Amino acid sequence: MRTLRASEIGIFLYCQRSWWYMRQGVESSNQSEMAAGTELHRQHSRGVMAAGLFKAAAALLFLAALVALAVYLTHLWLG
């Protein structure tokens with residue numbers, strides 16, 4: 001028995017005929033559009049990862065600023 005992948009379920013839900021053609025081994029006629037879509041998704045994925053890294057860096061810088069402010073205020077209060 002062949003394993004059914006989640007991506008196949010998505011293809012079936014979107015277009016049952018497309019899923020059937022894929023199961024029969026018929027190659028899609030819009031290969032260039034599919035390649036462009038794959039590249040678009042790859043670029044989007046890189047942007048999402050970069051945004052996550054920037055968010056983490058911003059949180060670390062914010063914490064560093066809070067620590068620096070606490071040290072500065074403590075120095076003023078004690079000094």
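This passage describes the salt bridges, the largest pocket and a nonpolar surface patch of a predicted model.

Salt bridges were examined first. The count comes to 4 salt bridges. One of them pairs E8 with R23, with the closest N and O atoms 3.9 Å apart. E8 belongs to helix α1 and R23 to helix α2, so this pair ties together parts that lie 15 residues apart in sequence. The two partners were assigned to separate accessibility classes: E8 counts as buried because its relative accessibility is 1%, under the 20% limit, while R23, at 41%, counts as partly exposed.

Two further salt bridges involve E39. In the pair formed by R42 and E39, the closest N and O atoms are 3.2 Å apart. These residues are 3 positions apart in helix α3, and about one helical turn therefore separates them. E39 also forms a salt bridge with R46, where the corresponding distance between the closest N and O atoms is 3.6 Å. E39 is partly exposed, with a relative accessible area of 30%. R42 is likewise partly exposed, at 45% relative accessibility, and R46 falls into the partly exposed class at 44%. Elsewhere, R2, E8 and R23 are joined into one network by salt bridges that share partners.

The largest pocket was then considered. Its volume is about 340 Å³. The lining consists of I11, Y14, C15, S18, Y21, M22, V26, E27, S28, N30, Q31 and M34. Helices α1 (6-14), α2 (16-24) and α3 each supply at least two residues of this lining. The largest share comes from α2, which provides 3 residues. Sorted by class, the lining of the largest pocket has 7 nonpolar, 4 polar and 1 charged residues.

A nonpolar patch is present on the surface. L60, F62, L63, L66, L69, Y72, L73 and L76 form this patch, and together these residues have about 840 Å² of accessible area. One of the members, F62, is found in helix α3, which spans residues 31-78. F62 counts as exposed because its relative accessibility is 53%, and the exposed class begins over 50%.

Helix α3 thus recurs in several of these features: the helix contains the pair R42 and E39, supplies at least two residues to the lining of the largest pocket, and holds F62 of the nonpolar surface patch.

Definitions and conventions. Residues are numbered from 1 along each chain as its sequence is written. This is a predicted model: local features need pLDDT of at least 70, side-chain atom pairs count only at pLDDT 80 or more; totals for chains, interfaces and linings use all residues. Side-chain values use heavy atoms; hydrogens and water are left out. Patches are made of residues with over 30% relative accessible area and no salt bridge: like charges are joined within 9 Å, nonpolar side chains (Val, Leu, Ile, Met, Phe, Trp, Tyr) within 5 Å. Accessible areas come from the Shrake-Rupley method with a 1.4 Å probe; for residues, only the protein chains shown count as cover. A salt bridge is a side-chain nitrogen of Lys or Arg within 4 Å of a carboxyl oxygen of Asp or Glu. Helices (H or I, at least four residues) and strands (E, at least two) are DSSP runs, numbered from the N terminus. Buried means under 20% relative accessible area, exposed over 50%, partly exposed in between (1.4 Å probe, protein chains only). On a 1 Å grid over the protein atoms alone, a cavity is a set of points where a 1.4 Å probe fits but cannot get out, and a pocket is an open set with protein on both sides within 12 Å along at least five of seven lines; lining residues have an atom within 4 Å of a point. Grid points are joined across faces, edges and corners, and a volume is the space filled by probe spheres set on the points. Ala, Val, Leu, Ile, Met, Phe, Trp, Tyr, Cys and Pro count as nonpolar, Asp, Glu, Lys and Arg as charged, and the others, Gly among them, as polar.
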